[in-house]
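Student: I would like to go through this model and ask how each label is justified. Please set each value against its definition.

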Amino acid sequence: MLQKLWYDRPVRTQLIVVVAAINLFAALMAGVVAILNTRTATKAEMESSLEVAERFVDVTLRDLARQGKLDNLDEELPPLLRHLRHVRIMFLSDSGQLAIISPKGATAGVKGTQAPGWFVSLVHPEIAQRKVRLLPDGSHPVIILGEPSDEISEAWQDFLSLALIWSAINAIVLVVLYIVLGRVLDPLASLSRGMHQLEGGEYWARLPSAKVKEVAVITDRFNMLASALDVTRKENESLYQQLINVQEAERREIANELHDEAGACLFGIAANASSIQTTAGQLDGDRATRISSRAGEILSIAERLKVMNRGLLKKLRPGPLGQVKLADLIVELTAGLQSQHPDTQINAAVGSVAKSYGESVDLAIYRCVQEAITNAIRHGHAENIDVDLDEVQIANGTGDYRAVRLTIADDGEGMEPNKAKGFGLTTMTERVRSVGGTCVIEGIPSKGTTVRVEIPIKQKKNETTAPARAQESVRELS
């Protein structure tokens with residue numbers, strides 16, 4: 001859960017959340033300090049107001065006593081005490097009833113405020129009171145109570161103003177931080193895209209130099225790494241091309257030896273055995289029969305060797321490239337593999353392809369089909385293999401072009417995602433890249449493997465395709 005909620009988020013989001021949490025914590029601490037200070041200030045204000053009110057009421061009552069107006073306190077006191085703040089003045093009558101004489105019209109208890117209840121409960125101090133005696137016996141006292149509602153209302157207005165200002169500033173800071181982090185972290189996003197390109201084999205990828213010093217060092221090192229990989233990649237391509245050329249040359253030489261030497265020897269053996277069998281047929285006796293039988297066995301063995309020799313020749317060198325149609329070569333190859341592996345169903349679908357795209361492209365397509373089917377049967381234990389070869393029109397950002405597209409899909413055991421390719425698949429991939437194409441191998445465990453080959457072609461001069469595509473020009477690899 002933590003992985004999904006936090007670590008899977010972008011770095012910018014994590015930083016903004018952290019800054020917002022720090023600001024919120026600081027605001028809470030500031031709020032606690034502000035409430036404690038407001039509570040202390042309100043209490044001090046109440047004490048001061050009570051002290052001033054007590055003295056003022058005492059002086060006022062003495063003046064009223066000298067004037068003989070103590071019987072009309074309800075009418076005399078309110079005009080004289082209306083300027084006193086943060087206090088409530090009450091008079092205890094002979095009947096024991098409290099009469100509020102200032103401020104006029106106030107009710108018992110705490111006067112209403114504009115602040116919410118939770119704020120009042122936090123900052124409201126204990127209400128203190130003072131008594132001023134009118135007569136020497138202490139009867140009919142004037143009671144003075146602290147009234148903090150005005151002070152609390154003022155504190156709430158200040159608190160609310162500060163909260164609004166803090167919220168606005170914090171929102172502006174987070175927005176600015178979001179934009180700044182986006183600009184600062186954009187080189188890292190570019191670096192991630194560049195690493196993805198390198199992973200896909202695009203070693204020509206380069207990153208623009210960043211303005212941030214630390215990030216600029218990373219981008220410069222990335223470009224140096226990409227350059228080194230590009231050089232190494234080109235060297236590997238050259239080595240693979242040389243390896244493929246040597247391999248094909250060896251195959252061609254072995255095929256010529258099998259055709260010229262082994263084929264001639266097998267033909268001579270078969271001719272001599274046939275002659276022996278014919279001569280033995282002209283003789284009588286048991287010995288002639290045995291000679292004829294042995295000659296027949298030699299002929300049978302020679303015939304099997306001829307079949308094996310032809311099979312080896314097809315594996316080593318697929319027919320006269322450029323003279324036999326590419327479609328016929330692929331169909332013959334799949335039919336031969338089908339006959340060798342009857343338990344596997346191989347379905348070949350060859351579309352409208354040219355007679356030839358050049359020896360290198362034809363040979364690359366032929367070897368891809370051969371290697372992919374062999375791997376699917378030998379390592380994937382596939383029961384069904386589909387081969388699809390066609391020439392297609394492809395549109396991209398730089399313009400339309402035509403390409404030969406080959407797809408080999410099987411239902412075998414598939415490949416592990418992180419498993420390294422074998423020599424055969426690596427050579428197949430490099431062979432396709434050497435003619436300017438792309439080869440993608442997608443394997444899903446227990447669901448099979450799909451090989452996708454795409455080789456761009458261009459128009460060849462003074463050459464036409466098969467009659468079925470007389471209106472289209474034959475294309476080959478540039």
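**Labels and their cut-offs**

Tutor: About 29100 Å² of the chain is exposed, and carbon and sulfur atoms supply 56% of that area. Accessible areas here come from the Shrake-Rupley method with a 1.4 Å probe, and for residues only the protein chains shown count as cover. This is a predicted model, in which local features need pLDDT of at least 70 and side-chain atom pairs count only at pLDDT 80 or more, while totals for chains, interfaces and linings use all residues. Residues are numbered from 1 along each chain as its sequence is written, and side-chain values use heavy atoms, with hydrogens and water left out.

Student: How many helices and strands does the chain have, and what makes a run count as one?

Tutor: The chain has ten helices and ten strands. Helices (H or I, at least four residues) and strands (E, at least two) are DSSP runs, numbered from the N terminus.

Student: How do you know what span to expect for α6?

Tutor: The expected span of a helix is 1.5 Å times one less than its number of residues. For the 69 residues of α6 (residues 213-281) that gives 102 Å, and the distance from first to last C-alpha is 97 Å, close to the expected value. Helix α6 also has a kink of about 30°, centred on L258. The bend at a residue is the angle between axes fitted to the seven residues ending there and the seven starting there.

Student: Why is I254 called partly exposed?

Tutor: Buried means under 20% relative accessible area, exposed over 50%, and partly exposed in between (1.4 Å probe, protein chains only). I254, which sits in helix α6, has 40% relative accessibility and therefore counts as partly exposed.

Student: Is E147 buried or exposed, and why?

Tutor: E147 has a relative accessible area of 6%, so it is buried. It lies in the loop between β4 (142-146) and α5 (149-199). Its C-alpha is 9.1 Å from that of S49, although the two are 98 residues apart in sequence. Over the chain of 478 residues, 33% count as buried.

Student: What makes a set of residues a nonpolar core, and which members of the largest one touch the most others?

Tutor: A nonpolar core is a set of buried Ala, Val, Leu, Ile, Met, Phe, Trp, Tyr and Cys residues joined through side-chain atoms within 4.5 Å. The largest has 37 residues, of which I365, I373, I385 and L406 touch the most other members. Elements giving two or more residues to this core include α9 (359-378), β6 (384-396) and β7 (399-410). The most come from α9, with ten residues.

Student: Why is α9 described as largely enclosed?

Tutor: Of its 20 residues, 15 are buried, so α9 is largely enclosed by the rest of the structure.

Student: What is I373 in contact with, beyond its neighbours within four places in sequence?

Tutor: Contact means heavy atoms within 4.5 Å. By that test I373 is in contact with T334, L337, I346, I385, V387 and I408.

Student: Where does UniProt place the feature "transmembrane region"?

Tutor: The unreviewed UniProt entry places it at residues 15-36 and 159-181. In the model, residues 15-36 are 100% helix, and residues 159-181 are 100% helix. UniProt positions are given in the numbering used here, feature names are shortened, and annotations may be inferred rather than shown by experiment.
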